[in-house]
Amino acid sequence: MSLISEKSHEENLKKLGVNIKTSYIVGDQVLEYDTNNINNNDIIKGIRCKKRYYIKDKLEHEEIKFDTRMKYTFISDDCENKDYSCPNCGMHSKLKDFINGCPYCGTYFNIDYVDKDMGSKYYYDRVLKNSTYRLITALIDVLASLLLSFLFIKLTSRTFNSYDISKIFIYGVILSLVFYYFFYIIDAYIILSPIKNYKDRENQKQIDFFNRTKIEKKEFFNNLNYEVANKYYYNNPNIVDYDILDFDSYEEFLKDDNLYVSVKAYVRIVSLKNNKFRSKYITDTYLLKRVNDSVSLKDNINVIRCHNCGASIDITKKECDYCHSKVKYFQEWIMEE
């Protein structure tokens, strides 16, 4: 069963013939959750490790860069099979029977899962495991080994000729093979320590932000991801996916008695054009406003009433079926235009 925050996206992907399979590390298992909702695993505090993009069941693109501090939860069957009673008429059945509204009185239910925890910070991954880092380490290793071999031969040989030059290269290669692991560890400390210290400071700023403002963190991130997806990126028909790889900063301010939060984030956007996927990395800033009288999707199920006539609203239709008034908002935090 799709979440409200994913329904419109999944419908668009279906039209394009695209399916996105996401792999999560949960304990010692690798579980999957895909956009066609076939054979999805329940994910509880899983770390994203891979996304695969298919067009008509053919793998066309992969992404493996994710922030390991972010953990996600998607619960399906457990929630669908829970007992539930319609708050309007009292009809009692399984939640899955209410997906399209109460079969007795027609009241709409808007479903999202409180267990979904998106954007939470956990720890900084100290080990940089990309090809560029390994290449730089190898170059440093080889150059240092050649230099040490040159100094050794130069200081111990009575003469220096072409044979000695060949020995420098032979000794240098052997020494570099021996030293590579040690250079890798040393480089990790030299290169990553300042990065880690910087990230730790930034993470502490974010912890201080949520402690100071008393904003409920999980609810804020759920609202943010919904707003970013549905009002920001997916308005572009070429964009099929995005991932917030890091939250760089948060700043709050008051305006007209409303609380605003500006969020700066590092984002990967995946677009599809002419059946070719392309990735782009950007730094983006989102401005969110707290709406004090809204209904927030922080519980599993919400009945959202029309602000005009009071009828229950299926927010995926974006208007009231009875009086056709547009849905203004249904979250505590909304994106400022």
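**Group meeting: Arg-290 and the strands around it**

Okay, let's start with one side chain's company: Arg-290 touches Ile-215, Asn-258, Leu-259, Glu-332 and Trp-333, leaving aside residues up to four places away in sequence. Keep in mind that this is a predicted model.

So where does Arg-290 sit? It belongs to strand 11, which covers residues 276–290. And is Arg-290 buried or exposed? Its relative accessible area is 19%, and the cut-off for buried is under 20%, so Arg-290 counts as buried.

Now, the strands. Strand 11 runs antiparallel to strand 10, and 14 bridges join them. Going from one to the other, you have a hairpin with two residues between the strands. Asn-274 is in that turn, and its phi is positive, about 55°.

On to strand 10, residues 258–273. Strand 9, residues 239–255, pairs with strand 10, again in the antiparallel sense and over 14 bridges. Those two form a hairpin as well, with two residues between them, and here Asp-256 in the turn has the positive phi, about 55°.

If you want to follow this across on screen, pick Arg-268 in strand 10. Asp-243 stands opposite Arg-268, and Arg-268 in turn stands opposite Tyr-281 in strand 11. Twelve of the 16 residues of strand 10 are buried, so that strand is largely enclosed by the rest of the structure.

Last stop, helix 5, residues 217–233. At 1.5 Å a residue, its 17 residues should span 24 Å, and the end C-alpha atoms are 22 Å apart, which agrees. Helix 5 is largely enclosed by the rest of the structure too, because 13 of its 17 residues are buried.

Conventions:
Residues numbered from 1 in each chain as written. Predicted model: local features only at pLDDT ≥ 70, side-chain atom pairs only at ≥ 80, totals over all residues. Heavy atoms only, no water. Helix = DSSP H or I, 4+ residues; strand = E, 2+ residues; numbered from the N terminus. Expected span 1.5 Å × (residues − 1). Buried < 20%, exposed > 50% of the residue type's maximum accessible area, 1.4 Å probe, protein only. Contact = heavy atoms within 4.5 Å. Pairing = 2+ DSSP bridges.
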